[in-house]
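Reader: Hello! Could you walk me through some local features of this model?

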Amino acid sequence: MTHPQLPALSPILIVSATSVVVMLAIAIKRHHTFVASVSIAGLALALVSTAGVWPAFATPHAIMALLIIDPFACFYLGVILIAALAVSALLHTYLGRYQGHREEMYLLLLLSTLGGMIMVASRHFVSFFIGLELLSMPMYGMAAYLVNERRSLEAGMKYLVLSAVASAFIVFGMALIYSQTGTMVFGDIGAKLAELTDGESIVMLGAALLLIGLGFKLSLAPFHLWTPDVYEGAPAPVASFLATASKIAVFALLLRYVIDTQATRYAVLVNALATLAILSIVVGNVLALRQSNLKRLLAYSAIAHFGYMLVALIASGPLATEAVGIYLLTYSITTLAAFGVITLVSSPLDHEVQALSDYRGLFWQHPGLAAILTLALLSLAGVPLTAGFLGKFYVLGAGVDRRQWLLLGAIVSGSAVGLYFYLRAMIQLYLRAGPAPASADTALCFPAAARSIPAAVSAPVHWAWDAGGGALVVLLLLMLTLGVYPSPFIKLAQGAGIEPQPPTPMLTAVRR
Amino acid sequence: MTLLCLLVVPFIGGSLCCWLQRFGAAHARRVALGTMALTLALAAGLWLSGDYSQTLLPSGASQPGHWAQHFSVPWIPRLGIRFSLGLDGLSLLLVTLTALLGVLAVACSWREIESDAGFFYMNLLWNLAGVIGVFLATDLFLFFLFWEVMLVPMFFLIALWGHDIPGGRPRLYAAIKFFIFTQSAGLVMLVAILALVFAHYRASGVLTFGYADLLATPMSTRTGLWILIGFFLGFAVKLPVVPLHSWLPDAHSQAPTAGSVILAGVLLKTAAYGLLRYLLPLFPAAVAQLAPVAMWLGVLGIVYGAVCAFGQNDAKRLVAYTSISHMGFILVGVFAGTEEALQGVIMQILAHGISAAGLFILCGELYERLETRDLRNMGGLWARFSNLPQFGLFFILASLGLPGLGNFLGEFLILLGTFKTHPGMAMLAAVGLVLSAVYSLILMQRAFYGRSGADSPLPDLDRREFAILSSLMAVTIWLGLYPRPFFEVSRAPTQALQALNSPAATAASTTSIERVVP
């Protein structure tokens, strides 16, 4: 590793160092707030160094053949670090009353973040896989962290088994592609594929397996079955990390892979992606209609949103890359805010408040939290003046620019269907506590549990003053700014494009 | 700058109302009333001090047009989006209508809303701010933003303060149906807007959402037709056009009184405004292809709305169906392509807004006293009130189209203008005049005449309600007997639209408005 490569890697190195420091701190003396502060400080320092690295490395800088630091990587590093910061602040509030060991959660969080960071900077199958496993393995522990709760253990086990299977698919796909192209660097794979005369079916099979594995990770239909259960069972901040950082890392890597290998030249692949997108949009929106659990609802909405993002990926081009960047940014902030409200509402209790009927009348007791959740739900629904609308607008623009009318129709229909459950969830916050009116059609509008007097909704009285609340206030400001004055963020996303890579001089020849 | 104030005043006033709730509902009510009165004063000031003889579209052969008032700042330069507002005669009339109905909506909900009045007025005022934004926006992204944003406060109004139908659907059903219908149509319109913007970008290399820049986008007729259909779908759900109207009876009848007044008086008119401001000028070639279909849909709406209205037992639902029927006239008039028809459309917009508001306020007052809106439980009410039935008679006659009142003028001009270019369509639409007499008189008969269930006198209108209804009555009579000020303000936009859409019809319509209305 030469001298200029160390500053380029500084965000990754800082997070690694923080994880080592946290490990030592836990070994020396357990102290929840100290460990949380060290993690937050380390992540913040990494974010600052990303902001410093970005202008310095405007021309892409490759680290051996494995990693590349360019504006694209810096943008997604920044988004992942913001997500990790918010999640660690929320974890501090969430674990405040937890009786068991609390500090290891931060260590797992840092390692998972590190894996995600490696993934977004990766341009080689090996770093892809290392990053993927480093991202996923701590997540198994994080999801199952509340070992005394059946649902948390179940979520962790489900995620472990399915994620390991997905990783196996990915490795198999990588092996098949490598066997035909002889290289693992993304840019060279594209060049080699263009020259390929036979063995195309093996490459197609490898690409299909890779897509299946990535589909699991991104919870695209029909590989989505784990998502609602894991979101429901995992602790709320962990679910938000799973929903944002891990998916961002995988999607950014997929985007870089598709651009570098020019995969959109192959009609078979484009059709497969389009089918996945339409299925995800339909499944995500339709299955959420009957949900009465807020976390499961957010899980299904995540499935639909990644369907929308896939449409932007299919409609390739510079506008599409910008669209994906904006959408991932707005989606992450919105999801973090929604899970943040769930965290804060649950924090004084010893169980999570998940049922929609338990949120009834939240506005009249905690107007701030209810307003944040309302804004988050409206943003997920895509109502203008919210952050989510900006993302949806960009995706529609990318689709119109490439005349993808079928996919656009799917987005419009999916959004229309999705409005129903977002509105139903949102209005719960404003209803006064009391029995629902007796009417034959109330089952359409109110979850069944709402017919009884719901439990009192709780949250700390001065919720804005502890770490999770502070993070939530920052997220609210970001959501409002993205909706009303998004120009600075658009400039960031615009700068985060990918330049086509020249082929690397070092290629290992494979014996045929 | 005044344009920005028109938007900001209701917005800030609404936020203030919500905050004042903790000090008592009376403060919130007064602030809401004061805010809307200030907005009305601003609109009136703009009317009296401005020159509305020009509009942006060129009306003469070589004269370029301009807005009477304009405000524009950059917003998202990457996408060519500016925060730009513009005012001409058409926008001014509609903004004044909005402000007036806003004052009356706040006034009529003085006693009706007991719980969370501050939050109610916040939603009401934010809704009005959104609607004013729709009428003022001259950037297509901003127009779409206000178009969608005005739905959210209305959703809250219907869902939280509306009425459930006893034995029927809860109000949340009506609110969600309203939101889903209008939002998804709006998304189709957004795709059409993006298609237009990208077509302009491909032709000229400039990415912009500005209204003036997009006006003469060169595109093939086929592209223009598809984009036109996208826009038309967005407006058709809001207007509403008959196959897509099923959200309206539920939303209108289950909304609180102030919500119904704003829905019928103003929100439906945003669709008519959209047709006049965006649909006709942006796609003149494709409009000629769509016109027969649209006019047939208009006639269908007139007849269907009237027939359904006749069969209703719920008074508010009956009035809601009459709105569908009146909006059918507007649809016919917009696509007729003559200046008389367009002037008639604008007059119908104003007159229907006022008369529908009056009818909904009356229904609300009857409900407050009788605890029912079912016509089967009413009857013989003329003897039990001293003032309310007279107002009822007046507004029902206005809705019927009695000459001398504004609605007659609007419908007559539309028919006159349509007859010049599509005589058969005008004859069919005129059937609507007969049907409107039928449903109006049946409403009058069932509610106020006939056998009554009890004989005791009921509490009559108090001073506040008397003032509201008298002012509505005064405006209706003014529209019917002395419409000259309104026609003068709207002359420039209608002439420009007519010149744009049917140059052949310019020769045909030698009758100017002065000869029809001296």
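Author: Happily; what follows is a short set of questions and answers on surface patches and backbone geometry in this predicted model.

Reader: Which residues make the nonpolar surface patch, and what is its area in Å²?

Author: Four side chains of chain A take part: Val20(A), Met23(A), Leu24(A) and Ile28(A). Together they make a nonpolar patch on the surface of about 420 Å².

Reader: Is Ile28(A) buried or exposed, and in which helix does Ile28(A) lie?

Author: The relative accessible area of Ile28(A) is 71%. Because exposed means over 50%, Ile28(A) counts as exposed. As for its place in chain A, residues 10–28 form the helix that holds Ile28(A), namely H2.

Reader: Which residues gather in the patch of negative charge on the surface?

Author: This patch belongs to chain B, and Asp and Glu are the residues that count as negative. Its members are Glu114(B), Glu368(B), Glu371(B) and Asp462(B).

Reader: Where is Glu114(B), and what is its relative accessible area?

Author: Glu114(B) sits in the loop of chain B that runs between helix H3 (89–108) and helix H4 (117–136). It is an exposed residue, and its relative accessible area is 66%.

Reader: What is the sign of phi at Glu371(B), and where is Glu371(B) found?

Author: Glu371(B), one of the residues in the negative patch, is not a glycine, yet its phi is positive, about 60 degrees. Its relative accessibility is 58%, so with the cut-off for exposed at over 50% Glu371(B) is exposed. In chain B, its place is the loop between helix H14 (339–370) and helix H15 (388–400).

Reader: Is Gln262(A) exposed or partly exposed, and what is its phi?

Author: Gln262(A) lies in the loop of chain A between helix H11 (236–260) and helix H12 (267–287). Partly exposed covers the range from 20% to 50%, so at 39% relative accessibility Gln262(A) is partly exposed. Although Gln262(A) is not a glycine, its phi is positive, at about 50 degrees.

Reader: In chain A, what is omega for the cis peptide bond from Ala221(A) to Pro222(A)?

Author: Pro222(A) is in the loop between helix H9 (200–217) and helix H10 (227–233) of chain A. The bond that leads to Pro222(A) from Ala221(A) is cis, and omega is near -5 degrees.

Reader: And in chain B, which residues does a cis peptide bond join, and what is omega there?

Author: The proline of this pair, Pro240(B), belongs to the loop between helix H9 (221–238) and helix H10 (247–254) of chain B. The cis bond joins Leu239(B) and Pro240(B), with omega about -10 degrees.

Methods: Residues are numbered from 1 along each chain as its sequence is written. Chains are lettered from A and ligands numbered from 1 in the order in which they are written. This is a predicted model: local features need pLDDT of at least 70, side-chain atom pairs count only at pLDDT 80 or more; totals for chains, interfaces and linings use all residues. Side-chain values use heavy atoms; hydrogens and water are left out. Patches are made of residues with over 30% relative accessible area and no salt bridge: like charges are joined within 9 Å, nonpolar side chains (Val, Leu, Ile, Met, Phe, Trp, Tyr) within 5 Å. Accessible areas come from the Shrake-Rupley method with a 1.4 Å probe; for residues, only the protein chains shown count as cover. Helices (H or I, at least four residues) and strands (E, at least two) are DSSP runs, numbered from the N terminus. Buried means under 20% relative accessible area, exposed over 50%, partly exposed in between (1.4 Å probe, protein chains only). The place of a charge is taken as NZ of Lys, CZ of Arg, CG of Asp or CD of Glu.
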